[in-house]
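The following exercises concern one protein structure. Please study the sequence and the structure before attempting each task, and then compare your reasoning with the worked solution.

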Amino acid sequence: MMRKSAAILLALGLCAAASAAEPIAPEEVRAAQQDWGDAIVAIGRTYAAGGNYRGLAAQAVDVLYAYDLGPVLFKPTKAAELEFRDTEEEAVSYFVGGVVPEDHGFALQPWSAVRFGEQQISADSDSAVAMGNYYFADAASGAETKVNFTFGYVRDAQGRLRIHLHHSSLPYVPHP
């Protein structure tokens, strides 16, 4: 009986291993980061041009974040009163204003570029986490703002990486 159980467990393990997704590659994480940065810039440009920036932001959050797959842990950089954004509607509000009174539309700056810089990436077959710095270039002055980030990604049913963890903060500046 013990042999049969071991054989069944081994067979199940082999089937699970054979059906496991390919490990997430760092290039996939970087591509997802590029998509996110491009979306932030596009929202600001659409706002400046008088277009449907709210619709674009809602679409970007829907496509880039995993709110439809389960909980998303989102702590935006410029959030103090409602520090964590548990719903898709609250995430959209952070980027373009809306349901959270403190939100003034982070993506409406507008930014001319978002650049992900030095970072570490840890990945396995169905998730990845990246932590480092990203830089937002002001469209008017070109000045860059450095922000610390941690993004976690999961694969959806189509194999796309979706954000399920987003933490951003301004770097610590010690007081003299």
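**Exercise 1.** With which side chain does the side chain of R155 meet in a salt bridge?

*Solution.* Note at the outset that the model is predicted.
Step 1. The partner of R155 is E28, and the N to O distance of this salt bridge is 2.9 Å.
Step 2. Place both residues in the fold: R155 belongs to strand β4 (residues 144-155) and E28 to helix α2, so the salt bridge ties together parts that are 127 residues apart in sequence.
Step 3. Consider accessibility. R155 has a relative accessible area of 21% and is partly exposed, because the partly exposed class lies between 20% and 50%. E28, at 27%, is also partly exposed.

**Exercise 2.** Determine which residue forms a salt bridge with D68, and state whether each partner is buried or exposed.

*Solution.* Step 1. The partner is R162, with the closest N and O atoms 2.4 Å apart.
Step 2. R162 lies in strand β5 (residues 161-169), whereas D68 lies in the loop between α3 and β1; the pair therefore ties together parts that are 94 residues apart in sequence.
Step 3. R162 has a relative accessible area of 5% and is buried, whereas D68, at 53%, is exposed.
Step 4. D68 and R162 are joined with D156 into one network by salt bridges that share partners.
Step 5. For the wider count, a search of the whole structure finds 6 salt bridges.

**Exercise 3.** Describe how strands β2 and β3 are arranged, and identify a salt bridge that involves a residue of β2.

*Solution.* Step 1. Strand β2 (residues 111-123) pairs with strand β3 (residues 127-138) in the antiparallel sense, over 10 bridges.
Step 2. The connection between β2 and β3 is a hairpin of 3 residues.
Step 3. Within this pairing, W111 stands opposite D138 in β3.
Step 4. The side chain of R115 meets that of E144 in a salt bridge of 2.9 Å, N to O. R115 is in strand β2 and E144 in strand β4, so that distant parts of the chain, 29 residues apart, are linked.
Step 5. Both partners are partly exposed: E144 at 43% relative accessibility and R115 at 38%.

**Exercise 4.** Explain why helix α4 is described as largely enclosed by the rest of the structure.

*Solution.* Step 1. Of the 9 residues of α4, 7 are buried, and the helix is therefore largely enclosed.
Step 2. The buried residues are E90, A91, V92, S93, Y94, F95 and V96.
Step 3. These buried residues pack against α2, α3 (53-64) and β1.
Step 4. E89 is also found in α4, but E89 is exposed, at 54% relative accessibility.
Step 5. Just after the helix, G97 takes a positive phi of about 85°.

**Exercise 5.** Which residues does Q33 touch, and which does T77 contact, leaving aside residues within four places in sequence?

*Solution.* Step 1. Q33, in helix α2 (residues 26-48), is buried at 2% relative accessibility.
Step 2. Q33 touches F116, Q119, A130, F149 and Y153. The side chains of Q33 and Q119 are joined by a polar contact of 2.8 Å.
Step 3. T77 is found in the loop between β1 (73-75) and α4 (88-96). T77 is buried, with a relative accessible area of 17%.
Step 4. The contacts of T77 are with Y94, V147, S168, S169 and L170.

Conventions
Residues are numbered from 1 along each chain as its sequence is written. This is a predicted model: local features need pLDDT of at least 70, side-chain atom pairs count only at pLDDT 80 or more; totals for chains, interfaces and linings use all residues. Side-chain values use heavy atoms; hydrogens and water are left out. Helices (H or I, at least four residues) and strands (E, at least two) are DSSP runs, numbered from the N terminus. Buried means under 20% relative accessible area, exposed over 50%, partly exposed in between (1.4 Å probe, protein chains only). Contact means heavy atoms within 4.5 Å. A polar contact is a pair of N or O atoms within 3.5 Å; within protein, one must be able to donate a hydrogen and the other to accept it, and residues adjacent in sequence count only if both atoms are side-chain atoms. Two strands pair if DSSP finds at least two bridges between them. A salt bridge is a side-chain nitrogen of Lys or Arg within 4 Å of a carboxyl oxygen of Asp or Glu.
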